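Reader: I'd like a close look at one part of this one, please. Could you walk me through the biggest pocket and then whatever connects to its surroundings?

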Amino acid sequence: MKKTKQSKTDATQVQSGRRNFIKNAGLGGAAVAASSFAAPAVLSQNGPIRWRLQTYSGAPLGAHVIKPQIEAFNAAANGEMEIELYYADQLVPTSELFRSLQNGTIDAVQSDDATMASPVDVSVFGGYFPFSTRYSLDLPVLFDRYGLNEIWAEAYGEVDGVEWLSAGAWDPLHIFTKEPINSLADMEGKRVFGVPTAGKFLSRYGLVPVTVPWDDVEVALQTGELDGVAWCGFTEAYEVGWADICNYALSNNVTGAWCGSYFANSDSWAKVPDHLKQLFKSTIDQSHYYRQVWYWGGEADLRVNGEKLELTTIPAEEWDQVVKDAEEFWEEIAETSDRTRRVVDTFREYNALMEKAGIPYRYS
């Protein structure tokens with residue numbers, strides 16, 4: 001499969017966004033910076049509401065996980081509102097997304113809680129929480145039917161300046177490396193780019209989590225700064241080019257779905273009329289659906305037909321220990337607050353029900 005690159009159209013839009021941002025943020029005059037950068041969501045009598053939204057993802061991946069939603073919203077908003085989309089680290093570093101959202105530097109964010117350094121106790125469950133889900137559909141069911149929507153709203157309701165809007169599922173977590181992993185011992189010393197919670201869990205087996213800007217991952221793999229990635233599934237590894245550099249894919253997955261959310265600055269959200277709020281939420285749901293289909297189909301197809309990565313497997317007797325270790329990890333997290341205890345109890349309740357339900361909900 002040919003490596004996916006950012007299209008000329010996407011590149012032009014990104015460069016145009018950068019030029020406009022630089023011009024408005026100061027190079028065009030301090031007065032412009034003071035008026036436009038400090039108050040990003042002002043409803044003008046002569047123009048639409050304008051938002052800046054930054055995603056955790058780079059442009060090649062963003063073309064699937066966020067761009068269709070923003071294009072749909074802008075088209076349906078009928079000139080009343082326009083969202084400018086920025087990819088990973090283009091306006092602010094990903095690790096500063098929450099703070100920048102809170103102070104109004106940006107209007108909205110798409111990210112997992114942990115990667116954007118949300119100062120709430122449930123942030124540990126954002127991204128990949130080990131073995132909390134088996135399939136991508138588990139995650140929206142947990143939020144919609146098992147109370148996680150209310151728990152997330154409660155947690156962010158205690159933080160000024162940020163509105164949590166919705167959570168959805170992405171791909172499962174696999175480990176992709178330049179050298180093969182056929183046992184837990186093979187993880188020792190391998191430096192991988194990954195999300196915080198999964199990285200913390202996997203570090204007990206010798207894996208070394210390394211943080212670099214998303215756009216620098218490919219170069220870091222090429223130069224040897226990284227030995228692999230523990231960030232995504234097969235679909236992303238192929239889509240963003242990491243499968244061109246890594247040689248092996250570990251078939252044992254650490255969880256069934258990445259948990260990501262949409263957030264808005266509270267002042268920006270308050271200035272949006274109710275019908276546009278509903279439109280934004282509806283296109284978020286559209287985005288959740290798009291990703292379910294894109295990832296689910298991509299994972300299966302690339303495991304079978306992908307030609308760039310050789311599959312390896314840690315034997316069941318070793319991997320069963322990893323699953324058992326996750327129970328201890330869950331309990332450690334549950335002990336940090338009453339709310340994290342409620343989330344962990346919800347995971348346990350849900351997974352117990354799925355096991356009892358059996359096929360097709362659980363096959364083993």
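Author: Sure, and keep in mind that this is a predicted model. Start in the middle of the largest pocket: of the 19 residues that line it, Phe131, Thr133, Arg134, Val323 and Glu355 lie nearest its centre. The volume comes out at about 520 Å³. As for who builds the wall, helices α13 (316-334) and α14 (338-357) each put in at least two lining residues, and α13 is the top contributor with five. Chemically the lining is a mix: six residues are nonpolar, eight are polar and five are charged.

Now for Phe125. Leaving out residues up to four places away in sequence, Phe125 touches Trp152, Cys259, Ile333, Thr340, Val343, Val344 and Phe347. Phe125 also belongs to the largest nonpolar core, which has 113 residues. Along with Trp51, Trp152, Met187, Trp242 and Phe280, Phe125 is one of those touching the most other core members.

One more residue is worth a stop: Gln54, in strand β1 (residues 49-55). Gln54 counts as buried because its relative accessibility is 0%. So what does its polar side chain pair up with? A polar atom of the Gln54 side chain sits 3.0 Å from the backbone nitrogen of Leu91. Leu91 has plenty of company, too: beyond four places in sequence, Gln54 also touches, among others, Tyr86, Tyr87, Ala88, Asp89, Gln90 and Val92, plus Leu97, Ile106, Ala108, Val109 and Gln110.

Key. Residues are numbered from 1 along each chain as its sequence is written. This is a predicted model: local features need pLDDT of at least 70, side-chain atom pairs count only at pLDDT 80 or more; totals for chains, interfaces and linings use all residues. Side-chain values use heavy atoms; hydrogens and water are left out. Helices (H or I, at least four residues) and strands (E, at least two) are DSSP runs, numbered from the N terminus. Buried means under 20% relative accessible area, exposed over 50%, partly exposed in between (1.4 Å probe, protein chains only). A polar contact is a pair of N or O atoms within 3.5 Å; within protein, one must be able to donate a hydrogen and the other to accept it, and residues adjacent in sequence count only if both atoms are side-chain atoms. Contact means heavy atoms within 4.5 Å. On a 1 Å grid over the protein atoms alone, a cavity is a set of points where a 1.4 Å probe fits but cannot get out, and a pocket is an open set with protein on both sides within 12 Å along at least five of seven lines; lining residues have an atom within 4 Å of a point. Grid points are joined across faces, edges and corners, and a volume is the space filled by probe spheres set on the points. Ala, Val, Leu, Ile, Met, Phe, Trp, Tyr, Cys and Pro count as nonpolar, Asp, Glu, Lys and Arg as charged, and the others, Gly among them, as polar. A nonpolar core is a set of buried Ala, Val, Leu, Ile, Met, Phe, Trp, Tyr and Cys residues joined through side-chain atoms within 4.5 Å.
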